[in-house]
Amino acid sequence: MSDAVRVAAIVDDDASFSASLSRLLRAAGYAVQTFASAESYLAQGSEKTACVIADLRMPGLSGMDLQAVLEQQVGAPPLIFLTGQGDIASSVRAMRHGAEDFLTKDAPKAELLQAVERAFARDARQRQQRRHLQVLRGRFDALSPREHEVLQQVVRGKPNKQIAAALGIIERTVKLHRTAITTKLQVRSVAELTRLVEAAGLFVEDASTFPKGQ
């Protein structure tokens, strides 16, 4: 299986239904893996999983339990509930916690395939965002510890003189560090620098103090 292939994982203890759904998805062009329980999926699921289609009620971990575990994982795939025992409360809870859709097992095939296609598209967007974030953070990793300190002061809107006093260095050194920062991060203004910091998720605790529109 090539790296470009993404997998729909079916998690259902009903073997006959799982086999039927697998045939439908394969006929629609998707790669499929089947798991008889949430536990087996969590133990064996591939990083290539782009969509999880899970029953709501299963022996052991339920579909809701599976969703709770996936919520704690970085890069977890979108989840679609496909159940024969749905109810409004479960549907609302599932959607509030980020499920792509909540369908009954007798839902029209077209509706299910549309949900799967949305889940695959969502997974692709999320993977792209993670790759972009990884590239961004790689650029920040190139900064020295002192440059990180200067950067944090800059995005707080502090002028060079205050930064120098706060860090116990001379103002000329601050200017040199700022030049090194903007060169390494490939930015030209404080506003651009601040947007980059926010995109990388740095200094989150100081987000409310970021200067606006500089």
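The sheet and the first helix of a predicted model are described below.

The sheet is open and consists of five strands in the order 2-1-3-4-5, with parallel pairing. Its edges are formed by strand 2 (31-35) and strand 5 (101-104); each has a single partner strand, so one side of each lacks a neighbour in the sheet. On average, neighbouring strands are turned by 20° against each other, direction ignored. Between strand 1 (residues 7-11) and strand 2, the parallel pairing extends over five bridges, and V7 lies opposite A31 of strand 2. Helix 5 (residues 109-141) packs on this sheet, where it touches strand 1, strand 3 (49-54), strand 4 (79-83) and strand 5. The direction of helix 5 makes about 140° with that of strand 3.

Helix 1 (residues 15-27) belongs, together with strand 1 and strand 2, to a right-handed β-α-β unit. The end C-alpha atoms of helix 1 are 18 Å apart, which agrees with the 18 Å that its 13 residues should span at 1.5 Å a residue. Buried positions in helix 1 are F17, S18, L21, S22 and L25. Viewed down the helix axis, these buried residues fall within an arc of 135° and therefore line one face of helix 1. In an α-helix there are 3.6 residues a turn, so residues three or four places apart point the same way. The buried residues of helix 1 pack against strand 1, strand 2, strand 3, strand 4 and helix 5. On the face turned away from the buried side, helix 1 carries the exposed residues S16, R23 and A27. Just after helix 1, a positive phi of about 100° is found at G29.

Key
Residues are numbered from 1 along each chain as its sequence is written. This is a predicted model: local features need pLDDT of at least 70, side-chain atom pairs count only at pLDDT 80 or more; totals for chains, interfaces and linings use all residues. Side-chain values use heavy atoms; hydrogens and water are left out. Two strands pair if DSSP finds at least two bridges between them. Helices (H or I, at least four residues) and strands (E, at least two) are DSSP runs, numbered from the N terminus. Axes are lines fitted to C-alpha atoms, for helices over the stretch in contact, and angles run from 0 to 180 degrees between N-to-C directions. Contact means heavy atoms within 4.5 Å. A crossover is right-handed if, with the strands pointing away from the viewer, the path from the first strand over the helix to the second runs clockwise. The expected span of a helix is 1.5 Å times one less than its number of residues. Buried means under 20% relative accessible area, exposed over 50%, partly exposed in between (1.4 Å probe, protein chains only). The arc is that of the directions from the helix axis to the C-beta atoms.
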